[in-house]
Amino acid sequence: MLRDITIGQYFPGHSFLHRLDPRVKIVLTMIYIVLLFFVHKYVGFAISVVFLGVCYVIAKIPLKMILRSLKPIVPILIFTGILNMLFVNTGEPFFKWGIISISWDGINMAVVMAIRVVCLIAASSLLTYTTSPISLTDAIERLLKPLKVIKFPVHELAMMMSIALRFIPTLVEETDKIMSAQKARGADLESGGLLQRAKALVPILIPLFISAFRRAEELALAMECRCYHGGEGRTRMRQLHMGAGDAIAACITVVVSGAVIAANFLPLPW
Amino acid sequence: MMIKIENLTHKYSVGTPFEKVAVDHVNLEIEGGEIVGVIGHTGSGKSTLIQHLNGLLKPSEGKVYINGQDIWADKSKMRQVRFDVGLVFQYPEYQLFEETVYKDIAFGPRNMGLSESEIHDRVLKAAEFSGLREELLEKSPFELSGGQKRRVAIAGVIAMEPKVLILDEPTAGLDPKGRNKILNQIKNYHDQVGNTILLVSHSMEDVAMFADKVLVMNKAKVFAYDTVENVFARSEELKAIRLSVPQITNVFHRLNEEGYPVPRNVYTVAYAKRKLLAELEKEGKLHA
Ligand SMILES: Nc1ncnc2c1ncn2[C@@H]1O[C@H](COP(=O)(O)OP(=O)(O)OP(=O)(O)O)[C@@H](O)[C@H]1O
Ligand SMILES: [Mg+2]
């Protein structure tokens, strides 16, 4: 159950996308996401979706993984979809019943929003599927380095992120274990009303917090024992290098972005 | 309480690159009333196997029967199965959560819906079985030492009076004295209650000393399931899968090969001592 959360989970492989420089991947993903909000025409959306689909195929990520990462946002999609349909009332009416009226513009808006959100999640999932958390934080640290000038604690932030990422699987595993142990003692986590269920979480949350604090303390101690004192003068084991593949990927993304923006100006109704 | 496992297979992380068969088509029948030692290398699937016995893990394939009942046939009876088959996890001290030791031990019995006086009786009895002094009961479990916490966790399962008690490496990370104390207490408990106990362990010595039967897991399969004597008699095969026999057995094999008149089927130090003394006495009489 807990293992269904796939966002932020690395899917190891050796594809072209896996081998790209993580900095390039982050920047290109961000460009793609911004781009999604500039698209107004369905032609543009079609290009964006196909582009993302091709990327998934290149990365050899099974379709099942995309669906799994989209599952948690289904309620949000439905909710925003309904809101959009109900409150956007401009344009030709499509359906009217009492005070409820749904216009073509509303439907259009709902569909556009849904495509945007789905693409956004799928694109950022692709980034985390093809990039190990370690290289991801390395890349973020490098990308944010200029902010050091204004005394922004870039290194500390990156370290916190990598520690957090490192401990997500551990905590998930730990939660699983504690849940099993309490279930073995007859804890009932699945039935009862809201209050009862909240109460049933106590035997899981308390051990979980205690072990998280214990781990934090041990880790801090271990880091200090190895003379960690912040980012000053630290060299890195893994140097990031950009290569020809990164240039190619950047060019392709720029061309696709150009095509999508150009589609906005096409004299087409959709 | 009879346990029957039929063609049990368990796969982790199905459908990802990390898919892993942890238990592979296992068949097993365990009669009631014995202590069964479960041994095997790390990662051989011991913990996975035992978590199927009270329905914490669902088989990918195959069936688990407790007293002839398929435990997955009727999910509403699953809680009863968990009360009948008590499972103490590896490092169980991390599951403690209540304000006092007493309340923590009472968690299981309370979930069973017992009366307050029955709960009280069971907590006291379980604390005694696991060697917890009464004045500890009102302390916070987080103030105790590691070994004491372990006892509290074991008491928490014993208090449910399970007909089958499964302990996953109850002595991991304890010093030799603490280990022996806990194992002796488990043995005592078994002698008094006469239930079935499955004891996962990495120590051949412990298994030889405390178990009636041994279940050897190797690479997700059952390698052997037989009496202690019969299993350790296959020492060559065990060595082939890089498991050992008790060290005292090795010593006696060696002595036997060197021509000394000692038996090969020696598995515990106590038995070895008796045999040696008897042998020496015989020799002494011959010389006299
Ligand atoms: N929750 C899990 N998710 C994925 N794989 C797992 C999980 N639990 C165990 N495994 C894998 O299944 C295999 C069997 O694990 P299991 O815990 O049953 O071994 P074990 O015999 O109990 O080992 P140990 O003696 O170390 O406790 C191992 O290879 C392990 O990596
Ligand atoms: Mg184990």
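User: Why is His25(B) called partly exposed?

Analyst: In this predicted model, His25(B) has a relative accessibility of 38%. Buried needs under 20% and exposed needs over 50%. The value of 38% fits neither class, so His25(B) counts as partly exposed. The residue is found in strand S2 of chain B.

User: What makes the phi of His25(B) stand out?

Analyst: Its sign. Phi of His25(B) is near 45°, a positive value in a residue other than glycine. Most residues other than glycine have a negative phi.

User: Where is Ala220(B), and what is its phi?

Analyst: Ala220(B) lies in the loop between strand S9 (213–218) and strand S10 (221–227) of chain B. Its phi is positive, about 75°, although Ala220(B) is not a glycine.

User: Is Ala220(B) buried or exposed?

Analyst: Buried. Its relative accessibility is 8%. The cut-off for buried is under 20%, so Ala220(B) qualifies.

User: What makes S2 and S5 of chain B edge strands?

Analyst: Start with the order. The open sheet runs S2-S1-S4-S5 (chain B), with antiparallel pairing. Strand S2 (20–30) and strand S5 (69–70) each have a single partner strand, so one side of each is left without a neighbour in the sheet.

User: How do you know that S4(B) and S5(B) count as paired?

Analyst: Pairing takes at least two bridges. Strand S4 (residues 61–66) and S5(B) have two, in the antiparallel sense, so the pair meets the criterion. In one of the contacts between bridge partners, Ile66(B) is matched with Gln69(B) in S5(B).

User: Which strands pair with S8(B), and in what sense?

Analyst: Strand S3 (residues 35–40) of chain B pairs with S8(B) in the parallel sense over four bridges. Strand S7 (residues 164–168) of chain B also runs parallel to S8(B), joined by five bridges. Val200(B) appears in both pairings: Val38(B) stands opposite Val200(B), and Asp168(B) has Val200(B) as its bridge partner.

User: How do you know that S8(B) is covered on both faces?

Analyst: In a regular strand the side chains alternate between the two faces of the sheet. On one side of S8(B) are Thr196(B), Leu198(B) and Val200(B), and on the other are Ile197(B) and Leu199(B). All are buried. The count for strand S8 (residues 196–200) is five of five residues buried.

User: Why is chain A called more spread out than a compact globule?

Analyst: Chain A comes to 11 helices and two strands. Its radius of gyration is 23 Å. The globule rule gives 18 Å for 270 residues; 23 Å is well over that, so chain A is more spread out than a compact globule. Its C-alpha trace spans about 65 × 60 × 40 Å along the principal axes.

User: How many of the contacts in chain A with a separation of 6 or more link residues 24 or more positions apart?

Analyst: Such pairs account for 74% of them.

User: Why does Leu28(A) count as buried?

Analyst: Its relative accessibility is 13%. That is under the 20% limit, so Leu28(A) counts as buried. The residue is found in helix H2 (residues 22–36) of chain A. Across the whole of chain A, 36% of the 270 residues count as buried.

User: Which residues is Leu28(A) in contact with, leaving aside its neighbours within four places in sequence?

Analyst: Ala249(A), Ala250(A) and Thr253(A). Contact here means heavy atoms within 4.5 Å. Leu28(A) and Leu127(A) are 99 residues apart in sequence, and their C-alpha atoms are 9.6 Å apart in space.

Notes. Residues numbered from 1 in each chain as written. Chains lettered and ligands numbered in written order. Predicted model: local features only at pLDDT ≥ 70, side-chain atom pairs only at ≥ 80, totals over all residues. Heavy atoms only, no water. Rg over C-alpha atoms; globule rule 2.2 N^0.38 Å. Buried < 20%, exposed > 50% of the residue type's maximum accessible area, 1.4 Å probe, protein only.
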